[in-house]
Amino acid sequence: MAPVYSRRMTDATDAQLAAQYEAFPYPQRDPRDEARRLVVGSPGHLREIDHWVFGATRPAARPLHALFAGGGTGDGTLMLAQQMATAGRPGSVTWLDRSAAALQIAQARAAARGLRNIFWQSGSLLDLPGAGLGPFDYIDCCGVLHHLPDPAAGLRALTSVLAPDGGLGLMVYAPYGRTGVYMVQDALRLLAPSDQPPAARLDVARRVMRHLPATAWLRQNRFLDDHVNGGDPGLYDLLLNPRDRAFTVPQLVALLARAGLRVACWIEPLRYDPLFWLPDPKLRARAEALDPTARAALAEALTGNISAHIVYCVRADAPSDPATPPRQRADPLAPDAVPIGREVTGEQLAGFIQPDGTITMAFDGLRAPIPLPAMAKAILRLVDGKRTVGEIGATLASRGSTPEAFTRAWRATFTALEQVNRLLLAAPA
Ligand SMILES: C[S@@+](CC[C@H](N)C(=O)[O-])C[C@H]1O[C@@H](n2cnc3c(N)ncnc32)[C@H](O)[C@@H]1O
């Protein structure tokens, strides 16, 4: 497909950024690997979009048109396109990026999978207004806004092509979990200024990493590995990127508000719930008194290990605009609701339950044992993405459980596993 608009660069730093992703398309991917695995993650996962953006109320039969702005070498684009193709879901996925090198890799990966539901657009996301694309039901912008000269302008450009009832999935860097990164970036600006050729800068970065003093915070930070495992593109992106800024929770919420958006869900919700991390009753009472943004900010500051925020967001309710109704969310207790595992099946989830009745999750070094009710195992074994809550309840009733006991156990199981983004509700047919 021919480019519809320019590869506009807004300042000299942005030109360096564009040159970086031409030289080092990100992330490093080999199209031959498509034969053995699909890269899956957040945001942009079909089941998460169904659940967190549309509240499991948007029919699966309704075509879904998605945009991946700054799609890079195609991880998110391919994931959603493949998930839609596998599930027979109508609609399309549009990949948009300025990098011609990334386009080549993303297209080769899509060809390797035989995907036919992707449109390719070369250009700057800043030129979306008036470009004649959209409207899109879902817009994904993963790891891009924090590189832009003006992230708010980028977000405004995205919302200009968002359908009125659509939603976004964003990933932006977060400061505390990136501890050490900006110090090494400062060092490299001195040793490998940005006017030097990329290969020379990379060489310096590799040498610095080999000799980084034991006290350097990046060496203490066990939760970042792009510079170690991400090849040249990973190392360059983390340590030599000409512009990246990190957002705390309140800074990101303010950025969203300026674009008329609000948070639908932080991924994973539990990571942003300070009550989970504060067993002390006095502290819990204080945390409970905080508003949702302050609570999420508290969890971010307490845990200190969030290196990127993944957030689904929707248009802020506009009470003055009767055309924008408040969002609906399916009731997980409704008999016709269909629970579905995000990636693993209910049977597999049941298998993860420990003898003490918990499932242990790990979030970047933080262990979180999730307590589940005694009936959780039996319930989860019946969760297959097809059975309704009513059918699951009826099966367990036939084995002797009372409706009240099932409802109590189902509510507790679903709430606990939804909070860790493992158990969701499927889109209605
Ligand atoms: C860190 S990569 C992220 C790629 C992909 N979203 C992912 O998470 O795997 C950032 C991407 O944003 C693209 N990008 C940066 N500024 C852009 C702009 N103004 N318009 C379109 N793409 C842009 C770059 O070319 C690059 O491919």
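These exercises work through cysteines, a buried threonine and one helix.

This is a predicted model, in which local features need pLDDT of at least 70, side-chain atom pairs count only at pLDDT 80 or more, and totals for chains, interfaces and linings use all residues. Residues are numbered from 1 along each chain as its sequence is written, and side-chain values use heavy atoms, with hydrogens and water left out.

**Exercise 1.** Find how many disulfides the structure holds.

*Solution.*
- A disulfide is a pair of cysteine sulfur atoms within 2.5 Å.
- The structure has zero disulfides.
- Take Cys142: its nearest cysteine sulfur belongs to Cys141, 8.2 Å away.
- Take Cys265: the nearest cysteine sulfur is that of Cys313, 11 Å away.

**Exercise 2.** Place Thr77 and decide whether it is buried or exposed.

*Solution.*
- Thr77 sits in helix 3 (residues 75-87). Helices are DSSP runs of H or I, at least four residues; strands are runs of E, at least two; both are numbered from the N terminus.
- Buried means under 20% relative accessible area, exposed over 50%, partly exposed in between (1.4 Å probe, protein chains only).
- Thr77 has 0%, so Thr77 is buried.
- Beyond neighbours within four places in sequence, its contacts (heavy atoms within 4.5 Å) are Phe68, Gly71, Val93, Trp95 and Ile118.

**Exercise 3.** Check the span of helix 4 (residues 100-113), then find what its buried residues pack against.

*Solution.*
- The expected span is 1.5 Å times one less than the number of residues.
- For 14 residues that gives 20 Å, and the end C-alpha atoms are 20 Å apart, which agrees.
- Buried residues of helix 4 include Leu103, Ile105 and Arg109.
- The buried residues pack against helix 1 (12-23), helix 3, strand 2 (91-97) and strand 3 (118-122).
- Just after helix 4, Gly114 takes a positive phi of about 70°.
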